[in-house]
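Subject: Structure for you to look over

Hello,

Here is the structure I promised to pass on. Please open it next to this message and check my notes against it.

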Amino acid sequence: MKKKIFFLVVLGYLLLGSKYFLESYVYATTDEESVTINEDSLSSNLSAEDKKMIFDRLYEDGYQLGEEDGSSEKPYENFNDSQFLNHTAEESQWFVMGYTVGYEKAKRNKEDETKAIEEQESSAGEQAGYQQGLEDYKHATVAYHPPQTPAKSKDWNKGFSLGYTKAIEIMDLSVKAKKDGHTQGLEGEALNMPDLYSLDEITRKAYEEGFQSGQQEQVEKLKKEYKQEGYKQGYALKDLSVPSDLSSEVATAFEQGYSKGEKQRHNDVRQEGFNAAFTYTTYHSPSAYQTNTRLLESYKEGFQSNKVANQLRKDAYEEGWKLGDTMKIPAKYKHTKPAVDMYKHYYELGQKKQKQTAMEILIGILLVVVALGIYIKFTRRKAKKSPVLDNDYEEEALYENLS
């Protein structure tokens, strides 16, 4: 072992003193496979062709040995003393040169392979963490610390944490993006998305959704306002005049409001005519509608459509006339003032008639009683002048009772 170390030290010293070796070592991490032979460094006792053959063989042997040690990342693991006993210092230098290049290249390939596997694991973990973060955010179950999976590699779990955190950050940003997009949509301007939100699909969609909802809210607000304006114009029976700067949706809402207002005006006038039938028993044209034939027609139509007024008058009168009955206005007309007023009026007429009739009946009864008393009294006086009958006592008792 000591001898092996000695040879390595000597060879290392020789190599470090060789400019050619230093140049080869520097380029060991490249794809350079061929090494140019310095003719001055070869022994002058051999032909150039022999020297190159020996160099190539020793370089290749060293290169293969270096590849084996480089793959396991164990430098000089397969070195032994016998490899240098039959070679000059220069030939040993060629061997070590090949070994160094082979070792460095294999080591680099091993590192690249390991790095690729780590990156693959980290990427897979990051994707899984990102999706899990999105799901947890969606269901409001976000973990304070990203969960770890012991069965997975360290790089996978590290990537998972990174992806999970990134998903939460993106979702938080998407909430803000949607709010900002909504605000811009309310302003009625064209979509102008900040770069902060356009770089990611989730935030980009959130901003667009917010913008669209803001635009729609603004449109609904305008539709409501202009529908009311149209209603006022239609109710006043003015000529339809849609503002020219409105969008098609808002203009349609204005026209709908106008149509509804116009229709409601005619309905109100028709109801006015209907209610008038409770007050008046015969139709008369109101002066307010004399100049508007359409409203006058609606008023008349409403008046003539009232088929219940006469029956209500009759029912109210009869209810007032009946002894002991209280006024019971039909529920359908309790909130119609003209109907209520009319019902009360005829109920009171019925009550008045009922009282008058009762008084007349009472007076009639009193007159009959008085007439009967006078008749009995007259009969009794006449009887005193004639023989006493057997039923005198009964007649006298009857008269006393009647008087």
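Below are my notes on its charged side chains.

One caution at the start: this is a predicted model.

**Salt bridges**

The search covered the whole structure and came back with 8 salt bridges. I describe three of them here, beginning with helix H6.

Helix H6 spans residues 154-186 and holds both Lys176 and Asp180. Their side chains meet in a salt bridge, with 3.0 Å from N to O. The two residues sit 4 apart, about one turn of the helix. Lys176 is partly exposed, at 45% relative accessibility. Asp180 is also partly exposed, and its relative accessible area is 27%.

Now turn to helix H8, residues 201-235. Glu201 and Lys205 both belong to this helix. They form a salt bridge, and their closest N and O atoms are 3.1 Å apart. The spacing along the chain is 4 residues, about one turn of the helix. Glu201 has a relative accessible area of 45%, so it counts as partly exposed. Lys205 gets the label partly exposed too, with 43% relative accessibility.

Stay in helix H8 for Glu220 and Lys223. This pair is 3 residues apart, again about one turn of the helix. The side chains meet in a salt bridge at 3.5 Å, N to O. Glu220 is partly exposed, with 38% relative accessible area. Lys223 comes out at 22% relative accessibility. Why is Lys223 partly exposed and not buried? Buried means under 20% relative accessible area, so Lys223 at 22% counts as partly exposed.

As background, side chains of opposite charge can pair when their charged atoms come close.

**A negative patch**

Which residues gather in a patch of negative charge on the surface? They are Glu60, Asp61, Glu67 and Glu68. Asp61 lies in helix H3, which runs over residues 48-72. Its relative accessible area is 35%, so Asp61 is partly exposed. A patch takes residues with over 30% relative accessible area and no salt bridge. Asp61, at 35%, is therefore over that area cut-off.

**Where to look**

For the pairs, go to Lys176 and Asp180 in helix H6, then to Glu201 and Lys205 in helix H8, then to Glu220 and Lys223 in helix H8. For the negative patch, start from Asp61 in helix H3.

Best wishes

Technical notes: Residues numbered from 1 in each chain as written. Predicted model: local features only at pLDDT ≥ 70, side-chain atom pairs only at ≥ 80, totals over all residues. Heavy atoms only, no water. Patch = residues over 30% accessible without salt bridge, like charges linked within 9 Å, V, L, I, M, F, W, Y side chains within 5 Å. Areas by Shrake-Rupley, 256 points an atom, 1.4 Å probe, with all protein chains shown as cover. Salt bridge = Lys/Arg side-chain N within 4 Å of Asp/Glu carboxyl O. Lys, Arg positive; Asp, Glu negative; His and termini not counted. Charge placed at Lys NZ, Arg CZ, Asp CG, Glu CD. Buried < 20%, exposed > 50% of the residue type's maximum accessible area, 1.4 Å probe, protein only.
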